Amino acid sequence: MIISFIEKLYLCLFIVGMVALTYYSPIWYVHPLIMGTFLCIWFYYTRKSEKGIVLLLCGEFSCVAAWFVSPFLAWVIQIPVIGLFLLILDIPHNKKEKLYSIILFGVLGVITVLSDQINHTVIPVILILIASVLVILGIVVTEFRFKKQFRVEKI
Amino acid sequence: MRVKRCTRVIIAAFLLLLISSFFLDKPGLLAVSLSLWILIIWRYIIFFKRLKLVVNSITINRNTDKSLIRQGMICTVTTRISLTIEEGIAVIYSDLTPAGVQIEDGLNQTDPLFSGVHELTLKYSISAITHGNITFPGGNLTVQDQFFETTIQLLSSGYIGPALLVQPAPFFEKKKSDLQSQGVETNKFLVQRGNTIKTYRKYLQDDDSRLIDWKVSAKRDELYVREFTSLESNPPLLIIDLPDVDQDYSEENFSKLVRTISTKIETEVREGTVLSLLIISGPNIITFLSHEYYPNSWMTIIREQFHPRIRLHHLYRTKQRIELRKMVKDVQNQNEKGGNNSILKHYSLISTIYKNHLLDNGKNRFSSQISRIFITVRPGIISLYSLCEGDISHIKEIAHLARFDKIRFILQTTQMIRSHDFYGQYSSLRTETIEEIP
């Protein structure tokens, strides 16, 4: 198995994050278990079409576990998890994609900070649901307007 | 827009985590679910940006080799596409075919295209099934990445056209005046000559000295040359009856038929025999190749034309003149027998209708075309290759015309001719020479 430099970097970041969690966590045995599962999937899962999404779900599960110990470490772990997911999907690693990834990781950092500030989730969940509906509507309208430009012009 | 399987799983995980965070009141779950939500939105923004760049970069230039064709005839369409694709997406372009048109050969769709600048040409041939003014409606552009897929219909003025005018192919032919059917004079000079001396004439400058008849010249004390009769070859005419694309037919039998014809043509061409070929599909003439001996032309025809075709017309809808005459006679016999007044009135009405049809001289176009081909080719023998599945009225018509012109007619079919089913079904062909393709 040939591993590129960027993959090595992400894997190292993930392992360092998980080791740090094991050190700080009161229930230390959970994190090595998740890390082992993640690495096993990475090295031994052969179905390439499913590998990316399985890794992402496992990685996000480790992020949830990490958040209870330290939101900062949860953010650190989320970077390699999403980075590896995008790499498995053969998304080109050009300059533009790198820039987009940096912006995404920045936004995730902001979300982590904000989530650390709140005590209850009821209102934010409702707000997210409303925002989701609005975003979906926005997407549908934008795409419809875009497609309309190329349809037959009415006389 | 269509979300791919990967995106559907992420959306499901986002909703699961969001609902869990709502009930368990854990901000960690909310943060993770929100990160998945951001991931999807972020990928969509990138996808949409790339989609816009691709669609705005596309230019389409479509041309047809003819602007006016007859219904059922083939026209070649050439579409030149130029587009720029960003890295990370795949694009497929497909030309939309107008209604009433069927693709005969070639592909109207590109393979998946990836990043870079592309200059492509799509070449395909269409056959017009309906008549009228047909305008090419544009194309479809399918753009996809790992998360989303969408199809943009390019139907605005920059992408449509050109227009193709399709003239109807009439089933019946107009009655022509006798003057038109007298034939035309030709200056055709035939290289081959027979052995019979037609006449003697005086020697003219540039005449072949081998043609001088010395005995006559000595007798007349002037140079005379012999003129021989012309020799015209009567090449065999092969007629291939392609099956109807809309009807069920045995593919195994069809491939056997094509194999037999190809072998026959190959053998004849190798021996240097000149052949004529007529390809029909029911009473629709597709191609006619007269006095051909170039192997390449034959191979092109076999490759491009030998496949099931759409039948614009069907001959079983019309009765032959001979049958009409027979029916008039039958009705007259019934009239002579007498009977109920209303029945007699009905018979006389039918008789009038049939007689009008006979007087109208409504000869169908197919029969006229076949007659003309027989006159042009003057075949020594006609071999018709057919599956003999379904309607065979056009075969009957050809056999009838061949008998009328005193040409030997052989029907070659893949059907089991010894079986009772065959003769039961095609009793009208009982008098013809039928050979079974092994």
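Chain A contains six helices and zero strands, and, read along the sequence, it follows the pattern α-α-α-α-α-α. The model is a predicted one, and the values below are computed from it. Of the 155 residues in chain A, 45% count as buried, while the surface that chain A exposes comes to about 9200 Å², with carbon and sulfur atoms supplying 74% of that area. If one takes the contacts within chain A between residues at least 6 apart in sequence, 65% of them join residues at least 24 apart.

**A sheet in chain B**

Chain B holds an open sheet of four strands, arranged in the order E2-E4-E7-E6 and paired in the antiparallel sense. Strand E2 (59–64) and strand E6 (101–106) of chain B stand at the edges of this sheet, and because each has a single partner strand, one side of each is left without a neighbour in the sheet. On average, and with direction ignored, neighbouring strands of this sheet are turned by 30° against each other. Strands of a sheet pair through backbone hydrogen bonds, in either a parallel or an antiparallel manner. Here, E2(B) and strand E4 (residues 74–85) of chain B are joined antiparallel over six bridges, and Asn63(B) has Thr78(B) in E4(B) as its bridge partner. Across E2 and E4 of chain B lies helix H2 (residues 27–57) of chain B, which runs at about 135° to E4(B).

**Backbone features in loops of chain B**

Which peptide bond is cis, with omega near 0°? The bond in question runs from Gly161(B) to Pro162(B), and Pro162(B) sits in the loop between strand E10 (148–154) and strand E11 (163–167) of chain B.

Two residues that are not glycine have a positive phi, namely Asp221(B) and Cys388(B), and the table sets out their values.

| Residue | Phi | Relative accessibility |
|---|---|---|
| Asp221(B) | about 65° | 72% |
| Cys388(B) | about 55° | 1% |

Asp221(B) is placed in the loop between helix H3 (214–220) and strand E13 (224–230) of chain B, whereas Cys388(B) is found in the loop between strand E17 (381–386) and helix H9 (393–404) of chain B. Are these two residues buried or exposed? Asp221(B) counts as exposed because its relative accessibility of 72% is over the 50% cut-off, while Cys388(B) is buried because its relative accessible area of 1% is under the 20% cut-off.

Conventions: Residues numbered from 1 in each chain as written. Chains lettered and ligands numbered in written order. Predicted model: local features only at pLDDT ≥ 70, side-chain atom pairs only at ≥ 80, totals over all residues. Heavy atoms only, no water. Helix = DSSP H or I, 4+ residues; strand = E, 2+ residues; numbered from the N terminus. Buried < 20%, exposed > 50% of the residue type's maximum accessible area, 1.4 Å probe, protein only. Pairing = 2+ DSSP bridges. Axes fitted to C-alpha atoms, helices over the stretch in contact; angles between N-to-C directions. Contact = heavy atoms within 4.5 Å. Areas by Shrake-Rupley, 256 points an atom, 1.4 Å probe, with all protein chains shown as cover.
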